[in-house]
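The exercises that follow are meant to be worked through with the structure in view. Please try each task before reading its solution.

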Amino acid sequence: MAKIIKQVLTTMRHWLSEVSKHNDKTIKITDNLKLALLNLKVEQAHLGEAGKTIQPIAKKIKKTILELHDSTKNMVTNGRKELRESFSEIEKYINKKEDIK
């Protein structure tokens with residue numbers, strides 16, 4: 001039984017690592033989008049009065065980027081912490097059971 005649980009933990013660690021990589025990429029992408037949005041605002045300023053039509057679109061884009069960034073960052077921070085704690089507790093349990101045998 002302990003061997004099966006260890007295999008499951010190994011698989012879970014692998015997928016945790018993959019999800020973490022994906023989330024890290026998402027955070028980098030949103031950071032790049034923030035920079036692109038800043039460039040859009042600079043262009044808007046150069047356009048003067050004609051650039052005012054860009055402002056509502058830029059605000060919606062900014063809101064979406066920030067929501068995605070914050071949501072992903074929170075999930076990464078909280079998820080990694082909780083999963084590591086869970087893995088640790090399971091490993092302690094397994095090791096304790098193996099020591100009894």
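A helix here is a DSSP run of H or I with at least four residues, and helices are numbered from the N terminus. The model is a predicted one.

**Exercise 1.** Find the helix in which Gln 44 sits, and decide whether this residue is buried or exposed.

*Solution.* Begin with the position in the chain: Gln 44 belongs to helix H1, which covers residues 2-47. Next, take the relative accessible area of Gln 44, which is 14%. Buried means under 20%, so Gln 44, at 14%, counts as buried. Finally, look at the surroundings: once neighbours within four places in sequence are set aside, Gln 44 is in contact with Gly 51, Lys 52, Ile 54 and Gln 55.

**Exercise 2.** Describe the overall form of the protein chain, starting from its secondary structure.

*Solution.* The protein chain contains two helices and zero strands. Its radius of gyration is 22 Å, whereas the globule rule gives 13 Å for 101 residues, and therefore the chain is more spread out than a compact globule. The C-alpha trace, followed along its principal axes, spans about 80 × 15 × 15 Å. As for contacts with a separation of 6 or more, 81% of them join residues that are 24 or more positions apart.

**Exercise 3.** Work out what can be said about the burial, surface and charges of the protein chain.

*Solution.* Of the 101 residues, 18% count as buried. The accessible surface comes to about 8,000 Å², and carbon and sulfur atoms account for 60% of this area. Turning to charge, there are 21 positive and 13 negative side chains, and the centres of these two sets lie 1 Å apart.

Notes. Residues numbered from 1 in each chain as written. Predicted model: local features only at pLDDT ≥ 70, side-chain atom pairs only at ≥ 80, totals over all residues. Heavy atoms only, no water. Buried < 20%, exposed > 50% of the residue type's maximum accessible area, 1.4 Å probe, protein only. Contact = heavy atoms within 4.5 Å. Rg over C-alpha atoms; globule rule 2.2 N^0.38 Å. Areas by Shrake-Rupley, 256 points an atom, 1.4 Å probe, with all protein chains shown as cover. Lys, Arg positive; Asp, Glu negative; His and termini not counted. Charge placed at Lys NZ, Arg CZ, Asp CG, Glu CD.
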